[in-house]
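Subject: Structure handover

Hi there,

Here is the structure I promised to pass on to you. Please open it alongside this message, and then read on for what turned up.

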Amino acid sequence: MSLSAYVPILGLFALAAAFALFSVTVAPFVGPRRYNRAKLEAYECGIEPTPQPIGGGRFPVKFYLTAMLFIVFDIEIIFLYPWAVSFDALGAFGFVEMLLFIGTVFVAYTYIWRRGGLDWD
Amino acid sequence: MSDLQLPHINYAALAPMLILFGAACAGILIEAFVPRERRYPVQLGLSLAGVVAAGVAVITQAGTRTITAGGAIAVDGPTVFLQGAILALGLVALLFVGERSLEAGGPFVAQAALIAGSEPDRRQVVRPGATEVYPLMLFAIGGMELFVAANDLLTMFVALEVFSLPLYLMCALARRRRLLSQEAALKYFLLGSYSSGFFLFGIALIYGFAGRVDFAGIHAAALGSDRSNALLYGGLALLSIGLLFKAAAAPFHVWTPDVYQGAPTPVTGFMAACTKVAAFGALLRVLYVAFDRVSWDYRPVLGVVAILTMLVGAVFAVTQTDLKRLLAYSSIANAGYLLVGVLAMSKDGLSSSMFYLVAYGFTVLAAFGTLTLVRDADGEANHLSRWAGLGRRSPVFAAAFTFLLLAFAGIPLTSGFTSKFAVFAAALDDGQTWLVVAGVITSMVLAFPYLRVVVMMWLSEPAESTPTVSIPGVLTSTGLAIGVAATLVLGLVPAPLLDLSTKAAEFVR
Amino acid sequence: MTVSDVLLLGLGAVAVGAALLVVTTRHLVRAGLYLVVALGAVAGIYLVLAAELVAWVQVLIYVGAVVVLLLFAVMLTRAPIGPSEDLDRPGWPALLVGGGSGLGLAALLVDAYRWSTVDRDQVGDAQRLGTEIFRSWVLPFEVLSVLLLAALVGAIVVSRPEVGRARPRPPDRGER
């Protein structure tokens, strides 16, 4: 039973949860309160968010394509794990099969690239 | 770990699927690299060639009885027969899909998700349609080929998804009445994925029972397993729900009229013909190969489903005023007749069901093909009242459609009669009299809506607004000719195909 | 009761509770986030049952990708932040069907397995699944790539206009 291997991870989860709880509960009591414009910005989230329709608007459908790309390549990557781990046992057969799999998904990639699915605007 | 047993793969047995999927991938690369104006002829040629080549590959497999690709594929008589049927019907469907002379740009639009009625959506109605439908058709046909050959439930599930997904998409691409088309696609997708969930849960229960998912393993476990039989019955019930949904049997038929009506008419024909073959092919294999030992337990249940399906299809067909919906309910009723053949659980039942699938497929393809011809300014005129007096305006066309309707009604000298006769005879031989009685009664009810259309076409005066019958292009003419000819030939001389289906009617386990 | 039993019961309760919240909440976005909890708890159940790879697939694909897709889908609609009163039709037919089949299946499974025990002697790790996939399930695996290809083509057909056409859309207009 390999569950014991996960005890350190569980420990880390507990630690992270404790830290988050601690920060959130203690911050209002000990932190200084100086409000300014910078405090209203999204905190450490990189670039400025794209202009969003406020209330009732819709997001452009291109987000959907991005999400689909993500999910498809996510699934492809997942299959690489078991393949890579047992690569030695599978030999050339497994290599060819995986090439075929990646090749097929790569056809989709080429298609999307040529159709402009990777351009943002 | 170097003693890994690699699966033996018989590439000749896989060739039809490999050809179709390969052609589909090539089609997608064509989409990527060939200029837009030139795509249509290239895609059409490629997909027709792909289907024909796959057909040749299927024919070379005649007589093969083998299980290959790690037990995932069974190639036997029914596989070859049904694969050939799907390819022949798919080829005719491709002809209708490829027709571009009836409407500028073909029956499809380029982009499905534009808001119906919005400015860009109205603009795309006059633009050339998406040529992606050809690779999507090939994906669907390839998935169906795999579906009827699958020898374990996992392969079957993947194949189910492979042929369903392109169908969901193509439903959304109708050039006219966009909102209806989008509604059809969404409905089909949501209900289809829901039924896939049932199918998957059924697999899980059966795995819990048998510890395997291949059909031979399930067959062996049904003899006696240390698990409770509730798992077996529950699993079979959920599995059947998934398959009966695709076959459009009541009470899982609710999507059928809306989807058949909203989808582009060539795609509707494709669904009515090929999806039915695939769904019943898989149902036959599941019931005959994996679960034959418990057939006494599920036959009454499926018998009730069959009667309900026939009743619902026949009764609701009477009330329809839209021809596509009428044919949709007729397709539901036909699923019921097919179930009667399936439930005979004999060699005759198997062969007559397979014959029925082919005969019905050609007739229904031709029927939906004729629907694409009757047009006015807004596209196809499918409302029943609009067809009044068409017989006086275009006698040849109306005569052909009348013949197809008579075939649906099961009048002698048409394939509809021979195929119904075959399944009912098989069921009678097996003592399923109650099913046959229900089948005959509902056939008589169902004849009424067909004859009403016939009467309307020939005996009414053409009104001012009666739509015109377009001159079909080469592709549609060929498709219609094949469909009508098959309906006639299978009615007059059914023996060769019946012999073929009888010879093929033996599963490998 | 062993540690595993306690973990399974706890995770199962979390999964069912979160799933109930998914269907009862009136906030569409919160429903998506409750779904994360439910799927995560199911991943935990897989882990306790020694299906290691499946557990992490559940986290990566379902918690990671599918929920993201779901939230994107919510954003593509009228982006209802806050409670939506029109979210549900009268719930009782759905409750009857969903609850009935759920309870029925649960009863079936409980009855089928009673107190029988199953050994978890073999861990479902990446290596074992890798050899299984390539030994017994090569064909479904390859066909999966075809399914992914069809899905991506479908995504383009649904949402992306042909390139090379003039693009008149201003970038700040929401819908296309």
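Below are my notes on the chain contacts and on a few helices of chain B.

Before anything else, please keep in mind that this is a predicted model.

Chain contacts

Let me begin with chains A and C. Their contact draws 45 residues from chain A and 48 residues from chain C. On the chain A side, the elements that give two or more residues are α3 (62-85) and α4 (87-114). Of these, α3(A) gives the most, with 16 residues. By residue type, this side of chain A divides into 31 nonpolar, eight polar and six charged.

Chain A also touches chain B, where twelve residues of chain A are in contact with eleven residues of chain B. Here the chain A side divides into six nonpolar, three polar and three charged residues.

A helix pair in chain B

Next comes a pair you may enjoy looking at. Helix α3 (residues 77-97) and helix α20 (residues 495-504), both of chain B, have axes that come within 7 Å and cross at roughly 140°. An angle over 145 degrees would count as roughly antiparallel, and α3(B) and α20(B) are therefore oblique to each other. Which residues meet here? From α3(B) they are Gly77(B), Pro78(B), Val80(B) and Phe81(B), and from α20(B) they are Ser501(B), Lys503(B) and Ala504(B). This contact divides into four nonpolar, two polar and one charged residue.

Helices α12 and α13 of chain B

Both of these helices pass a simple length check. Helix α12 of chain B (residues 295-318) has 24 residues, so at 1.5 Å a residue it should span 34 Å, and its end C-alpha atoms are indeed 34 Å apart. For helix α13 of chain B (residues 323-343), the 21 residues should span 30 Å at that rise, which agrees with the 30 Å between its end C-alpha atoms.

As for burial, α13(B) is mostly covered, with 21 of its 21 residues buried. Following α13(B) is Met345(B), whose phi is positive, near 50°.

The buried residues of α12(B) include Leu302(B), Val305(B), Ile307(B), Met310(B) and Phe316(B), and also Gly313(B) and Thr309(B). What do the buried residues of α12(B) pack against? Their partners are α9 (229-247), α13 and α18 (433-459) of chain B.

Happy to talk any of this over whenever suits you.

Best wishes

Definitions and conventions. Residues numbered from 1 in each chain as written. Chains lettered and ligands numbered in written order. Predicted model: local features only at pLDDT ≥ 70, side-chain atom pairs only at ≥ 80, totals over all residues. Contact = placed C-beta atoms within 7 Å. Helix = DSSP H or I, 4+ residues; strand = E, 2+ residues; numbered from the N terminus. Nonpolar A, V, L, I, M, F, W, Y, C, P; charged D, E, K, R; others polar. Axes fitted to C-alpha atoms, helices over the stretch in contact; angles between N-to-C directions. Parallel < 35°, antiparallel > 145°, perpendicular 65-115°, else oblique. Expected span 1.5 Å × (residues − 1). Buried ≥ 20, exposed ≤ 12 C-beta atoms within 10 Å, placed from the backbone.
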